[in-house]
Amino acid sequence: MMCNVMDTLLCDLLSLAQEHFLTLPDAEDASRQRLLARHLDTVRAGLGEEFMDKLWEVLAEQGRADQEAAFLRGLRLGLALHRL
């Protein structure tokens, strides 16, 4: 039960941080997005739209999980630094 409460709290903190500390994409982000789009177009052409949709769902889910894990590591670091 406590884990679900913590997950909700972490999700709320992440949403709050995203709202208040917006990050603007830079040139490297734009370059990676263009490269990803080209590769995904190749996948779509070779393997079809249905596979592409499934792949995109997995990539999006992994991206969210990576973002949440990075946020949690940063939060833990911030709390540890605060205790020093």
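1. Partly exposed, as the word is used here, means a relative accessible area between the buried limit, under 20%, and the exposed limit, over 50%. Leu 75 has a relative accessible area of 28%, so Leu 75 is partly exposed. Leu 75 belongs to helix α3, which covers residues 49-83.

2. The model is predicted. Mean pLDDT for the protein chain is 87, and 93% of the residues reach 70 or more. Among the elements of the chain, α2 has the highest mean pLDDT, at 95, and α1 has the lowest, at 76. Where pLDDT is low, predicted coordinates should not be read in detail.

3. On the overall fold, the secondary structure of the protein chain amounts to 3 helices and 0 strands. Along the sequence the pattern reads α-α-α. The radius of gyration is 17 Å, whereas the globule rule gives 12 Å for 84 residues; the value is well over the rule, so the chain is more spread out than a compact globule. Taken along the principal axes, the C-alpha atoms fill a box of roughly 55 × 35 × 20 Å.

4. On the surface, 7% of the 84 residues in the protein chain count as buried. The accessible surface of the chain comes to about 7400 Å². Carbon and sulfur atoms account for 63% of that surface.

5. A nonpolar surface patch deserves a mention. Leu 9, Leu 13 and Leu 16 make this patch, with an area of about 240 Å². Leu 9 is placed in helix α1, residues 2-20. The relative accessibility of Leu 9 is 43%, which lies between the 20% and 50% limits, so Leu 9 counts as partly exposed. Helix α1 is also the element with the lowest mean pLDDT, 76.

6. Leu 13 appears again in the contacts of Leu 75. When neighbours within four places in sequence are left aside, Leu 75 is in contact with Leu 10 and Leu 13. Leu 13 is thus a member of the nonpolar patch and a contact of Leu 75 in helix α3. By comparison with these contacts, Glu 28 lies 25 Å from Leu 75 in space, C-alpha to C-alpha, with their positions 47 residues apart in sequence.

7. The structure holds 5 salt bridges. Among them is the pair Glu 28 and Arg 32, whose side chains meet at 3.6 Å, N to O. Both residues are in helix α2, residues 27-47, and because they are 4 residues apart there, about one helical turn separates them. Glu 28 counts as exposed because its relative accessibility is 55%, over the 50% limit. Arg 32 has a relative accessible area of 47% and is therefore partly exposed.

8. Arg 32 has another partner, Asp 29, and this salt bridge is at 2.4 Å, N to O. Asp 29 and Arg 32 are 3 residues apart in helix α2, so about one helical turn separates this pair as well. Asp 29 is partly exposed because its relative accessible area is 27%. Glu 28, Asp 29 and Arg 32 are linked in a network of salt bridges. The helix that carries these residues, α2, is the element with the highest mean pLDDT, 95.

9. Another of the salt bridges joins the side chains of Arg 44 and Glu 49, at 3.1 Å, N to O. Arg 44 has 31% relative accessibility and therefore counts as partly exposed. Glu 49 has 42% and so counts as partly exposed too.

10. Ala 65 is a further residue in helix α3. With 36% relative accessibility, Ala 65 counts as partly exposed. Ala 65 and His 39 are 26 residues apart in sequence, and their C-alpha atoms are 22 Å apart in space.

Notes
Residues are numbered from 1 along each chain as its sequence is written. This is a predicted model: local features need pLDDT of at least 70, side-chain atom pairs count only at pLDDT 80 or more; totals for chains, interfaces and linings use all residues. Side-chain values use heavy atoms; hydrogens and water are left out. Patches are made of residues with over 30% relative accessible area and no salt bridge: like charges are joined within 9 Å, nonpolar side chains (Val, Leu, Ile, Met, Phe, Trp, Tyr) within 5 Å. Accessible areas come from the Shrake-Rupley method with a 1.4 Å probe; for residues, only the protein chains shown count as cover. A salt bridge is a side-chain nitrogen of Lys or Arg within 4 Å of a carboxyl oxygen of Asp or Glu. Helices (H or I, at least four residues) and strands (E, at least two) are DSSP runs, numbered from the N terminus. Buried means under 20% relative accessible area, exposed over 50%, partly exposed in between (1.4 Å probe, protein chains only). pLDDT is the predictor's confidence in each residue, from 0 to 100. The radius of gyration is taken over C-alpha atoms; the globule rule is 2.2 Å times the number of residues to the power 0.38. Contact means heavy atoms within 4.5 Å.
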